[in-house]
Amino acid sequence: MSIKTRLVFSYLVMLLIPVIMTIVIAHLAGDYYFNDLQKYGVGHSITTVKGALIERENQFSQIKNTLLQSPDKLLDTNYLKQLDEQLRNISSGIIVRKDNSVIYMSPKLEGFESDKYLPEFGRFVQDMPVSFKGGDNRLILSQQDFYFTNGSKGSVFLATDIHPLLSLFRRLSITVAVAVIVILVLINGVLTYIIARRIINPLRKLKDSANKIKEGDLDFDVDVESKDEIGELGLAFNEMRMRLKGSLELQHQYENNRRELLSNISHDLRTPITAIKGYVEGIRDGVAGSPEKMKRYINTIYSKAVDADRLIEELFLYSKLELSKLEFKFSEIDIVKYLEDCMEELQFDLEKRRVEIAFNSGGAEPLKVRADVQQLKRVIINIVENSVKYMDKEKGRIDIELNAEDGRVVIAFRDNGQGIPKEALPYIFDRFYRADSSRNTSTGGSGLGLSIADMIIKEHGGTMWAESAEGQGTAVFFTLEKTL
Ligand SMILES: Nc1ncnc2c1ncn2[C@@H]1O[C@H](COP(=O)(O)OP(=O)(O)O)[C@@H](O)[C@H]1O
Ligand SMILES: [Mg+2]
């Protein structure tokens, strides 16, 4: 659930639950108070408010019936006293008025200023509450007008004391109000606590993780499990941590490669130069006695100088390519013919190193591509050199394949050498990268060969990639754009 829906949900709960509970509580409290009138000294045999109201209604109807049959009965004090007896049960009393003077008032109503409050004959509108004795007692008055048999105007009033009922209402209101406040505090408190906990706890975890990352610790999992925005943040955090870790590791690898490269360069440069120095010293000291010996010395010196020169050239070329300072001279060439020539040229050297090379053009038509012949040759040499260098089979083999596609040609060099470990494959085109460098140190190399080739192919508008099966061989591919 997202934080937004959670907030909306808790808002609704905060609204609905108090409303529903208030209604229920008011109902229950109402039942409790109104059905227990005796407790508050109202009735004797009647216990509910509803019962009391019905009883009052009944009593008043009976009085009206009596009036219809014999109105003068209201002059009979015995009858009135008996009536009073019954009315006490419902906290009521009666007042009888003949013409303008009150001729009977129940003792219960003592102190009631009848002149002040009783409506005139024929003026009564409806039952109404009246206060007396300083507003402490409140009465409900009902009035019935009639004529005595001698024609005098008569009114009978039923007055019910509602003071206990009012105190009941007061108690009820206080109970309900207190209940509402308690419910609001409880529900809001609990919901706020739950929501805050589900937001604050994960945030705290994220903060701890951020601190760990700040300290450089990247080997942990950010465990924020919630499925909301904070959970997503946790996932993003985790990914960031993993990327950071990966890039740090790569950086580390580069650092190591660079360090190794420096030591390789110094080592590789030193070897031919030491040799050159030794042979030159030999000549100077007259060790090369015969012309043949002299010629051998000079040849060795030359080939050592070539080695040193190559290494320096490779570094120089790489830095020029990286700085985009190398100029390319593009021309249109027939790639089929070009590869055939290349193969012939390489064959001589490869035979000596017991590696067979084959190009099956399948009698293809001439295929025109755009290329810088000199740089393209370097690409091919770098690839083939690797195949030879990392060859571990008795009978080495390199197969060149050519495939024309829409707008481009794909050229593949497949060897049956030692192959490249899966985890190293994505990096072999990176500068200074050498797979399993410990195993490779004997073969020498800068880790620049393939990245130089890749940069050259990119300048041609092509791409370069490799496939490999460890122990079985490697295939290196690159593409060139066809000309129209
Ligand atoms: N044909 C191949 N067979 C096996 N491994 C290869 C081959 N070509 C490249 N590699 C791997 O790729 C790495 C990068 O190649 P490269 O850039 O030419 O550097 P190097 O100077 O080591 O030859 C090599 O160190 C080697 O581990
Ligand atoms: Mg190489």
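Author: Helices (H or I, at least four residues) and strands (E, at least two) are DSSP runs here, numbered from the N terminus. Keep in mind that this is a predicted model.

Reader: OK, so how many helices and strands does the chain have?

Author: With runs counted that way, helices need at least four residues and strands at least two. On that basis the chain comes out at eleven helices and twelve strands.

Reader: What radius of gyration does the chain have, set against a compact globule of 484 residues?

Author: The C-alpha trace spans about 175 × 55 × 40 Å along its principal axes. Of the 484 residues, 21% count as buried. A compact globule of that length would sit near 23 Å, but the chain's radius of gyration is 56 Å.

Reader: Among contacts between residues at least 6 apart in sequence, what share joins residues at least 24 apart?

Author: Contact here means C-beta atoms within 7 Å. Take the contacts in the chain between residues at least 6 apart; the share that joins residues at least 24 apart is 62%.

Reader: Let's talk sheets: in what order do the five strands of the open sheet lie?

Author: The edge strands are β7 (355-359) and β11 (464-469), since each pairs on one side only. Pairing in this sheet is mixed, and neighbouring strands are turned by 15° against each other on average, direction ignored. The order is β7-β9-β10-β12-β11.

Reader: Which side chains of β7 are buried?

Author: In a regular strand the side chains alternate between the two faces of the sheet. β7 does this, with E356 and A358 pointing to one face and not buried. The side chains that point to the other face, and are buried, are V355, I357 and F359.

Reader: Do β7 and β9 run parallel or antiparallel?

Author: A358 stands opposite D399 in β9, and F359 stands opposite I400. Five bridges join the two strands, and the way they run is parallel.

Reader: And in β10, which residue is the bridge partner of I400?

Author: β9 and β10 run antiparallel, joined by eight bridges. Their hairpin has two residues between the strands, and G407 takes a positive phi near 80° there. The bridge partner of I400 in β10 is F413.

Reader: Which residue in β12 does R414 stand opposite?

Author: β10 (residues 408-415) and β12 (residues 473-481) pair in the antiparallel sense, over seven bridges. In β12, the residue opposite R414 is A475.

Reader: What angle does α9 make with the direction of β10 as it packs on the sheet?

Author: α9 touches β7, β9 (396-405), β10 and β12. Its direction makes an angle with that of β10 of about 25°.

Reader: How far apart are the axes of α9 and α11 where they pack?

Author: Two packed helices are described by the angle between their axes and the distance between the axes. For α9 (residues 373-389) and α11 (residues 449-459) the angle is about 150°, and α9 passes α11 in a left-handed crossing. The distance between their axes is 9 Å.

Reader: By class, which residues make the contact of α9 with α11?

Author: α9 puts in Q375, R378, V379, N382, I383, E385 and N386, while α11 brings G449, L450, I452, A453, I456 and I457. By class, that contact has seven nonpolar, four polar and two charged residues.

Reader: S91 is not a glycine but has a positive phi; is S91 buried or exposed?

Author: S91 has a phi of about 50° and is in the loop between α3 (77-88) and β1 (92-98). The cut-off for burial is 20 or more other C-beta atoms within 10 Å. S91 has 23 such neighbours, so it counts as buried.

Reader: What about R354, buried or exposed?

Author: R354 also shows a positive phi, near 55°, in a residue other than glycine. R354 is found in the loop between α8 and β7. Because R354 has 12 other C-beta atoms within 10 Å, it is exposed.

Reader: How does D349 count, given its C-beta neighbours?

Author: D349 belongs to helix α8 (residues 335-352). Buried needs 20 or more neighbours and exposed 12 or fewer. With 14 inside 10 Å, D349 therefore counts as partly exposed.

Reader: Last one: how far apart in space are K422 and A469, C-alpha to C-alpha?

Author: K422 is in the loop between β10 and α10 (437-440), and K422 counts as exposed because it has 10 C-beta neighbours inside 10 Å. K422 and A469 are 47 residues apart in sequence, and their C-alpha separation in space is 7.8 Å.

Terms used:
Residues are numbered from 1 along each chain as its sequence is written. Chains are lettered from A and ligands numbered from 1 in the order in which they are written. This is a predicted model: local features need pLDDT of at least 70, side-chain atom pairs count only at pLDDT 80 or more; totals for chains, interfaces and linings use all residues. Axes are lines fitted to C-alpha atoms, for helices over the stretch in contact, and angles run from 0 to 180 degrees between N-to-C directions. A crossing is left-handed if the near helix is turned anticlockwise from the far one by less than a right angle, and right-handed if clockwise. Two residues are in contact if their C-beta atoms, placed from the backbone, lie within 7 Å. Ala, Val, Leu, Ile, Met, Phe, Trp, Tyr, Cys and Pro count as nonpolar, Asp, Glu, Lys and Arg as charged, and the others, Gly among them, as polar. Two strands pair if DSSP finds at least two bridges between them. The radius of gyration is taken over C-alpha atoms; the globule rule is 2.2 Å times the number of residues to the power 0.38.
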